[in-house]
Amino acid sequence: MNIQTPFSTNELLPPTSEPVAARVETVVTAKTTVCVVDDDPAVRHAICSMLERGGYATAQASDGKCGLSEIERSAAAVAVLDIIMPDHEGIETIALVKERFPNVKILAISGGGAIGAETYLTMARGMGADATLAKPFRADVLLPLIAELLQRAREPHQVAAPARP
């Protein structure tokens, strides 16, 4: 049996002496993924909505243990980590992310708790968080901070971002 096609692959490309690879321009547009790890589903959803409106893909997890798996599964470039959570709270999770995924930038967030947000965020910076942000916050604060972290990921010799109140 002889199957004929209406055209050959050579007919698809104009005649030239250039190699095919030099003539084919591929444009890949992929959204950067941000993994949001927070035990409060309403907060997680709100942060993901802000990020998605800002053009990012999101992944989410309800605790640090699940967050580690989700960071790996989604190949996240940035992890937004709440500090006070069950099963690998944020401080422990920061250390594990830094160990397992050294190229992932970490934004630690906290609404406080018994000792106040700034104390937790200071501890997070000490454990290696690349930036910190006190809850609640708005998209006009979050989105530029995520963009700054991604920019610093491309320029690894930059100093950590300051804490945002």
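**View 1. Val34 of strand β1 and its partners on either side.** In this predicted model, Val34 has Val78 as its bridge partner in strand β3, while in strand β2 the bridge partner of Val34 is Thr58. The pairing of β1 with β2 is parallel and comprises 5 bridges, and β1, which spans residues 33-37, also pairs with β3 in the parallel sense, here over 4 bridges. A further pair in the contact between β1 and β3 is formed by Val37, which stands opposite Leu81 of β3. Strand β1 is mostly covered, with 5 of its 5 residues buried: on one side these are Thr33, Cys35 and Val37, and on the other Val34 and Val36, so that both faces are covered. From β1 the chain crosses through helix α3 to β2, and this β-α-β crossover is right-handed.

**View 2. Strand β3 and its surroundings.** Strand β3 runs from residue 78 to residue 82, and because 5 of its 5 residues are buried, the strand is largely enclosed by the rest of the structure. Val78, Val80 and Asp82 point one way from the strand, whereas Ala79 and Leu81 point the other way, and every one of these residues is buried. With strand β4, residues 105-110, β3 pairs in the parallel sense over 5 bridges, and within this pairing Val80 has Leu107 of β4 as its bridge partner. Together with helix α5, residues 90-100, the strands β3 and β4 make a right-handed β-α-β unit.

**View 3. The open sheet and the helices that pack on it.** The sheet is open and consists of 5 strands in the order β2-β1-β3-β4-β5, with parallel pairing. Its edge strands are β2, residues 57-61, and β5, each of which pairs on one side only. On average, and with direction ignored, neighbouring strands of this sheet are turned by 20° against each other. Helix α3, residues 41-53, packs on the sheet and touches β1, β2 and β4, with a direction that makes about 165° with that of β2. Helix α7 lies across β1, β3, β4 and β5 and runs at about 155° to β4. Along the sequence, the 7 helices and 5 strands of the protein chain follow the pattern α-α-β-α-β-α-β-α-β-α-β-α.

**View 4. Strand β5 and the buried residue Thr132.** Strands β4 and β5 run parallel and are joined by 4 bridges, and one pair across this boundary is Ser110, which stands opposite Ala134 in β5. Thr132 is also found in strand β5; this residue counts as buried because its relative accessibility is 0%, which falls under the 20% limit for that class. The side chain of Thr132 makes a polar contact with the side chain of Arg125, at 2.7 Å.

**View 5. The largest nonpolar core and a second, separate one.** In soluble globular proteins, nonpolar side chains tend to be buried together. The largest nonpolar core of this model has 24 residues, of which Ile71, Leu81, Ile83, Ile94, Val97, Ala108 and Ala124 touch the most other members. The elements that give two or more residues to this core are β1, β2, α4, β3, α5, β4 and α6, the last of these spanning residues 117-127. Helix α6 gives the most to the core, with 4 residues. When neighbours within four places in sequence are left aside, Ala108 is in contact with Leu81, Ile83, Ile94, Leu121, Ala124, Ala129, Ala131, Thr132 and Leu133. A second core, separate from the largest one, has 19 residues and includes Leu51, Leu133, Leu142 and Leu149. For the protein chain as a whole, buried residues make up 38% of its 165 residues, and of the contacts with a separation of 6 or more, 63% are between residues 24 or more positions apart.

**View 6. Two loops with notable backbone geometry.** Ala75 lies in the loop between α4, residues 64-74, and β3, and its phi is near 55°, a positive value in a residue other than glycine. With a relative accessible area of 60%, Ala75 is exposed. In the loop between β5, residues 131-134, and α7, residues 139-154, lies Pro136, and the peptide bond that leads from Lys135 to Pro136 is cis, with omega near -5°.

Conventions: Residues are numbered from 1 along each chain as its sequence is written. This is a predicted model: local features need pLDDT of at least 70, side-chain atom pairs count only at pLDDT 80 or more; totals for chains, interfaces and linings use all residues. Side-chain values use heavy atoms; hydrogens and water are left out. Buried means under 20% relative accessible area, exposed over 50%, partly exposed in between (1.4 Å probe, protein chains only). Two strands pair if DSSP finds at least two bridges between them. A crossover is right-handed if, with the strands pointing away from the viewer, the path from the first strand over the helix to the second runs clockwise. Axes are lines fitted to C-alpha atoms, for helices over the stretch in contact, and angles run from 0 to 180 degrees between N-to-C directions. Contact means heavy atoms within 4.5 Å. A polar contact is a pair of N or O atoms within 3.5 Å; within protein, one must be able to donate a hydrogen and the other to accept it, and residues adjacent in sequence count only if both atoms are side-chain atoms. A nonpolar core is a set of buried Ala, Val, Leu, Ile, Met, Phe, Trp, Tyr and Cys residues joined through side-chain atoms within 4.5 Å.
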